[in-house]
Amino acid sequence: MLKVLIACVWLLGSTCAAMAQASSVVFLNPGMSTEAFWVNYAQFMQAAATDLGLDLRVRYSERVSDTTLAQAREALQGSARPDYLVLVNEQYIAPQILRMAEGSGVKLLIVNNALTADQAQLLGTHQHPDWIASLVADDEQAGYLMLIDLLRQYGPVAPGASIDLLAFSGSKTTPAAQLRERGLQRALAEHPEVRLRQLVYGEWNRQRAFERGSRSCSSATRRRHWCGLPTMRWRWARCRRCKRAGERRARMCSSVPLTARRKFCRRGWTDG
């Protein structure tokens with residue numbers, strides 16, 4: 001992942017250098033203004049803009065796609081249009097912004113989540129001359145390498161043995177999350193000794209990921225594997241928040257005595 005980050009930093013620097021003649025840039029940040037990943041993302045972008053003498057404005061949508069579209073409309077159709085608009089294909093909204101930008105004269109850069117193959121085919125890139133580039137990591141390879149690295153850390157698996165896996169992902173409407181899941185499935189196909197028990201969507205929210213991971217313990221399949229039978233050994237996580245939620249869930253499960261776990265499996269969890 002460090003190599004991917006370094007590559008992205010280098011490419012972003014190259015792209016920003018090409019934008020150095022511009023005087024203004026608006027970044028439509030799809031995340032929360034209190035969300036570590038997207039705050040750090042914006043801070044890194046601000047540092048690059050400062051070095052290049054650009055006027056950068058960051059607009060947070062607080063994870064509301066309608067807000068992102070309203071902010072895009074204001075930037076592209078208002079009186080004070082930026083030279084460049086940086087956007088993310090979160091919840092697959094990039095095509096709407098591309099169509100909105102036609103004739104505006106504003107150059108577009110898509111980052112973090114690019115157009116999907118279906119979206120690109122439907123749009124046709126030749127129809128959007130102001131769309132200059134997309135800057136994204138290889139998310140499918142990242143998802144693949146996460147499981148491969150888990151296998152490396154775990155060590156050899158005895159013949160006939162298997163390992164249970166609980167996976168935490170982000171959102172079904174985020175291309176990056178879907179690509180990482182595709183990489184996970186590719187790694188699972190190569191390693192049949194790893195059994196994916198459940199894929200939990202946390203929607204980029206640590207508490208939600210924890211709650212959904214907790215509910216998975218009450219399903220019929222999870223009950224069998226929690227009640228003194230093989231326990232969940234691994235957790236694959238799409239993002240840091242999902243990872244921390246999975247770790248919290250695992251600590252709670254491991255701290256519950258076996259008799260209490262069996263009581264949960266018979267009657268459902270109660271405090272006492």
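Begin by selecting helix α2, where W38, V39, A42, M45, A48 and A49 are the buried residues. This is a predicted model, and the tour moves from this helix through the cores, a cavity, some backbone angles and a second helix. With α2 still selected, run a distance from the C-alpha of residue 36 to that of residue 52: the two ends are 24 Å apart, which agrees with the 24 Å that 17 residues should span at 1.5 Å a residue. Step just beyond the end of α2 to G53, whose phi is positive, at about 70 degrees.

Now zoom out to the whole protein, which holds 11 helices and eight strands. Colouring by burial would mark 43% of the 272 residues as buried. If contacts are drawn for pairs with a separation of 6 or more, 74% of them join residues 24 or more positions apart.

**The nonpolar cores**

Select next L28, L76, L85, L87, I97, L108 and L115, which have the most contacts inside the largest nonpolar core, a set of 20 residues. Showing the secondary structure around them helps to place this core, since β1 (24–29), α3 (65–77), β3 (84–87), α4 (94–101) and β4 (107–111) each supply at least two of its residues. The largest share, five residues, comes from α4.

Centre the view on L85 and display its surroundings. Which residues is L85 in contact with, once its neighbours within four places in sequence are left aside? They are V26, L28, A75, L76, I97, V106, K107, L108 and L109. From there, turn to a second, separate core of 13 residues, whose members include F27, Y84, L109 and L135.

**Along helix α3**

Two residues of α3 are worth selecting one after the other. T67 is found in this helix and counts as partly exposed, because its relative accessibility is 29%. T67 touches Y60 and S61, when residues up to four places away in sequence are not counted. A line drawn from the C-alpha of T67 to that of L28, 39 residues apart along the chain, comes to 9.7 Å.

Q77 also lies in helix α3, and with a relative accessible area of 45% it is partly exposed. Drawing the C-alpha to C-alpha distance from Q77 to V106 gives 9.7 Å, for a pair that is 29 residues apart in sequence.

**An enclosed space**

The count of cavities of 30 Å³ or more comes to two. For the second largest, select P30, S61, R63, V64, S65, T68, E90, Q91 and I93, the residues that line it. About 50 Å³ of space lies inside this cavity, and its lining divides into three nonpolar, four polar and two charged residues.

**Two positive phi values**

Keep Q91 from that lining selected and move to its backbone. Most residues other than glycine have a negative phi. Q91, however, has a positive phi near 55 degrees, and it is not a glycine. Q91 sits in the loop between β3 and α4, and its relative accessible area of 35% makes it partly exposed.

Then go to N112, in the loop between β4 and α5 (117–123). N112 is likewise not a glycine, and it has a positive phi of about 70 degrees. Is N112 buried or exposed? At 18% relative accessibility it counts as buried, because the cut-off for that class is under 20%.

**Helix α7**

The last selection is α7, a helix of 16 residues that reaches 23 Å from its first C-alpha to its last, close to the 22 Å expected at 1.5 Å a residue. Show its side chains and look for the buried ones, which are P175, A176, A177, R180, E181, G183, L184, A187 and L188. Among them, L188 is a good place to stop, in the helix that runs over residues 175–190.

L188 has a relative accessible area of 11% and is therefore buried. Setting aside residues up to four places away in sequence, L188 touches L147, L165, V194 and L196. To finish, join the C-alpha atoms of L188 and L147, which are separated by 7.9 Å although the two residues are 41 residues apart along the chain.

Key: Residues are numbered from 1 along each chain as its sequence is written. This is a predicted model: local features need pLDDT of at least 70, side-chain atom pairs count only at pLDDT 80 or more; totals for chains, interfaces and linings use all residues. Side-chain values use heavy atoms; hydrogens and water are left out. A nonpolar core is a set of buried Ala, Val, Leu, Ile, Met, Phe, Trp, Tyr and Cys residues joined through side-chain atoms within 4.5 Å. Buried means under 20% relative accessible area, exposed over 50%, partly exposed in between (1.4 Å probe, protein chains only). Helices (H or I, at least four residues) and strands (E, at least two) are DSSP runs, numbered from the N terminus. Contact means heavy atoms within 4.5 Å. On a 1 Å grid over the protein atoms alone, a cavity is a set of points where a 1.4 Å probe fits but cannot get out, and a pocket is an open set with protein on both sides within 12 Å along at least five of seven lines; lining residues have an atom within 4 Å of a point. Grid points are joined across faces, edges and corners, and a volume is the space filled by probe spheres set on the points. Ala, Val, Leu, Ile, Met, Phe, Trp, Tyr, Cys and Pro count as nonpolar, Asp, Glu, Lys and Arg as charged, and the others, Gly among them, as polar. The expected span of a helix is 1.5 Å times one less than its number of residues.
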